[in-house]
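Notebook open, coffee poured. Here is what I looked up today, entry by entry.

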Amino acid sequence: MASEKSHTDEQTHFRTCNLCEAMCGIVIKHDGDKVLSIKGDKDDPFSKGYICPKATALQDLHEDSDRLRHPVERTANGWKEISWADALDKVAAGIQLVQKKHGQNAFGIYLGNPNVHNLGGMLTIKHLLTSINTRSRFSATSIDQLPHHIVSMHLFGHMLRIPVPDVNRTQYMLIIGGNPLASNGSIMTAPNMRQKLKDIQARDGKVVVIDPRRTETADIASEHHFIRPATDVLLLLAMLNEIYAQGYADQAQAHNRAAALTPELASLADFAKDYSAESVAEITGIAAKKIKRLVKEFCEAESSVCYGRMGVSVQEFGLLSQYLIMLINIVTGRLDEVGGLMFPNPAVDVVNNSGPGYLGKRHSRVSNLPDFNGDYPVVAMADEMLVEGAGQLKGFMTVAGNPVLSTPNGEKLDKAFANLDFMVAIDYFVTETSRHAHIILPPVSPLERDHYDVTFNNFAVHNVAKYSKALFAKQRSAKHDWQIYLELAKRLDKKAVLATKVERLLIKFLGPQFVLNQGLKRGPYKGLNLKQLKKNPHGIDLGALKTMLPQALKHKDKQIHLNVDFYQADLERVQEMMQDYDDKQILLIGRRHVRSNNSWLHNSYRLVKGKPRCTLMLHPETAKEYGIEDGQNVKVTSRVGSVTIVAEVTDELMPKVVSIPHGWGHGRKGVKQKIAQAHAGVSVNDLTDDTLIDQLSGNAAVNGVPVQLQAIAPEATDLETADSDVDFDMKSGSAA
């Protein structure tokens, strides 16, 4: 059993923390009604006792007095609690009225990142989407990992067939635009990355970080090199050039199994021929001899892997850059090899149970941006609401998302939401986004639902499987996410085919566990089912990553399709960037902290205590140039807006680069999160530009945004407040 009594009042519960990608096992002590402590589970085969400070937010969220427990309706006199039956009827009627009056696609929907951390949500969201039946769909994908999906779809035949670094066995890890110590991985599910990187060094390996900021990861790396924001594409082109120029591609050919499956590989010899290390050195800020040395070390290491993440993806050449990273791993013989880039083999095979994805079947009405797998880019969302004409969005639903804070040009989107005829939010809180809703439908807290990581086992650096029963039974008056979806589907989709109706009935009475069990039975591990997982509350170790080519490939011919022409066409845009590059611009980048993830975590008092984190980081040279002192207020202005924020002068940033963290900006009126409002900060997305995008994919480019700085009369702002009193041990990874 997942819970066991240790004495009269105290009980022990084992589960997986689902607040980020790391899938850390936790041990929760409780008395049946209240959490007493949360610590790392040393018997979890994946995390082995490690957790980060965020795990305590599971308790904070569950107990949060601001968290909605009942549906609420916005009235002239404020928010009013209403019954579930009334709320669901009104939501269904509101959606139908918008679609009847303005057309089926006049109602839109946005899915936030927390959806993929939710078992019931992941397995049943299709019923909500099908019942609303709109093409006006958006998701957090296009301000995050969209390039990863497109590259994997093109090369390997499926948008979710994404290989991950075999960090547990590699000898050389090159990290570009990633900070896994803060993110616990990210498209690389890997708890305790600090120890994993130290282990590489302990076995005489090397960790190299390329980033405009000396991040927490860069601090412990063997080497760190600053790079000008959004010039990663030039570095990667030069590296690919050098791999061929130094003969490493030819040397790898003899033992390169992936190359044998890649018929277009020969065409790559000339792909980057115009980009020598010398030609990109000045713009990138990395000397030619360093680029050549990095290539030599990478290619001559016993095993090596190149990994690029958020900083690479969310820039103007995010898709081409992620493509180049994949090419570098392929031509050097590092794909599907121990210590290189390998394919996980999860117990629930989402690849074989979902469509491969597609790009550009349709384009957004106003900005003409391509959809991906049915979702339009988030940068198109506000214009679709504000620009009049046939197809204009008049109604909207957000599901576990706060796009006013998380997508570009938040002020514009804020205005757009305020002008809708009807809006509904499925959310725990009255947030910067959901405050515009006419009705908010709140699901149960994470501790009141069962959990299995359908998504993140697909990116895990070691194959495991773990099922966690809900810690607390939900209140009779509460509903799970999946129950909300099915209730709305029943009201909106009364003419569903018989098979769909039967499936919905089965889920209604048996829960999403029924769907999960079917997935486990059809998976690659014979005999594995939900009953077996329940008998192993710490999880089951399914083994290290193994070579999976060509079986992993989803193209019918079982080959890797490079789609060279598609990507090579973007080199014209690269040339234009090089010619027009202005090295005098101040460029804005984001950043992440281990105590923060999504904006709602800022309502956890234990995670926001301590030194203020919503600051403007800038280099001493940049501060001197603009007359800015540490602790002084600074006005930061971009094409779309301005914010005033406290300066944090530090040599962590390279000159002419400034950084503001993501997810803050809780000072807007009507937000009902007391702790977050007391630590409001500013929203970096009031500066990011909805016209600054990766033209190849439509992904938002929130790194490398040009800004202007203006010092404001100095004020006594003390950044050195008391440290957090969270009982957290960095060595053991325990929090209580």
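**Entry 1: a proline and its contacts**

Leaving aside neighbours within four places in sequence, which residues is proline 706 in contact with? I found Gln585, Ile586, Leu587, Thr637, Ser638 and Leu692, where contact means heavy atoms within 4.5 Å. Proline 706 sits in strand 28 (residues 705-711); strands here are DSSP runs of E with at least two residues, helices are runs of H or I with at least four, and both are numbered from the N terminus. I noted that proline 706 is partly exposed, with a relative accessible area of 32%. For that scale, buried is under 20% relative accessible area, exposed is over 50%, and partly exposed lies in between (1.4 Å probe, protein chains only). From C-alpha to C-alpha, proline 706 and isoleucine 589 are 9.5 Å apart in space, with their positions 117 residues apart in sequence.

A note to myself on the source: this is a predicted model, in which local features need pLDDT of at least 70 and side-chain atom pairs count only at pLDDT 80 or more, while totals for chains, interfaces and linings use all residues. Residues are numbered from 1 along each chain as its sequence is written, and side-chain values use heavy atoms, with hydrogens and water left out.

**Entry 2: the second largest pocket**

I looked up the second largest pocket next and got a volume of about 360 Å³. It has 16 lining residues, and the closest to its centre are Glu316, Met577, Tyr581, Gln585 and Leu692. Two of these names, Gln585 and Leu692, I had already met as contacts of proline 706. Helix 23 (residues 571-580) gives the most to this lining, with four residues. By type, the lining divides into eight nonpolar, three polar and five charged. In that count Ala, Val, Leu, Ile, Met, Phe, Trp, Tyr, Cys and Pro are nonpolar, Asp, Glu, Lys and Arg are charged, and the others, Gly among them, are polar.

For the method: on a 1 Å grid over the protein atoms alone, a pocket is an open set of points with protein on both sides within 12 Å along at least five of seven lines, a cavity is a set where a 1.4 Å probe fits but cannot get out, and lining residues have an atom within 4 Å of a point. Points are joined across faces, edges and corners, and a volume is the space filled by probe spheres set on them.

**Entry 3: cavities and helix 4**

How many cavities of 30 Å³ or more are there? I get seven. The largest cavity holds about 140 Å³ of space. Its lining has 14 residues, and His148, Pro163, Gly308, Gln322 and Met326 lie nearest its centre. Helix 4, strand 13 and helix 14 are the elements that give two or more residues to this lining. The lining has 10 nonpolar residues, four polar and no charged.

That sent me to helix 4 (residues 146-156), where 11 of 11 residues are buried. What covers them includes strand 13 (305-308), helix 14 (318-331) and helix 22 (564-568). Just after helix 4, glycine 157 takes a positive phi of about 95°.

The second largest cavity has about 90 Å³. It is lined by 13 residues, with Thr16, Met23, Val464, Ala465 and Lys466 nearest its centre. That lining divides into six nonpolar, four polar and three charged.

**Entry 4: helix 12**

Which residues of helix 12 are buried? They are Ala288, Ile291, Leu294, Val295, Phe298 and Cys299. Seen down the helix axis, these fall within an arc of 125° (taken from the directions from the axis to the C-beta atoms), so they line one face of helix 12. An α-helix has 3.6 residues a turn, so residues three or four places apart point the same way.

**Entry 5: backbone oddities**

Most residues other than glycine have a negative phi, and most peptide bonds are trans. The peptide bond from leucine 549 to proline 550 is cis, with omega near 5°. Asparagine 133 has a positive phi near 55° and lies in the loop between helix 3 (119-132) and strand 8 (137-139). Serine 186 also has a positive phi, near 85°. Asparagine 133 is partly exposed at 47% relative accessible area, whereas serine 186 is buried at 6%.
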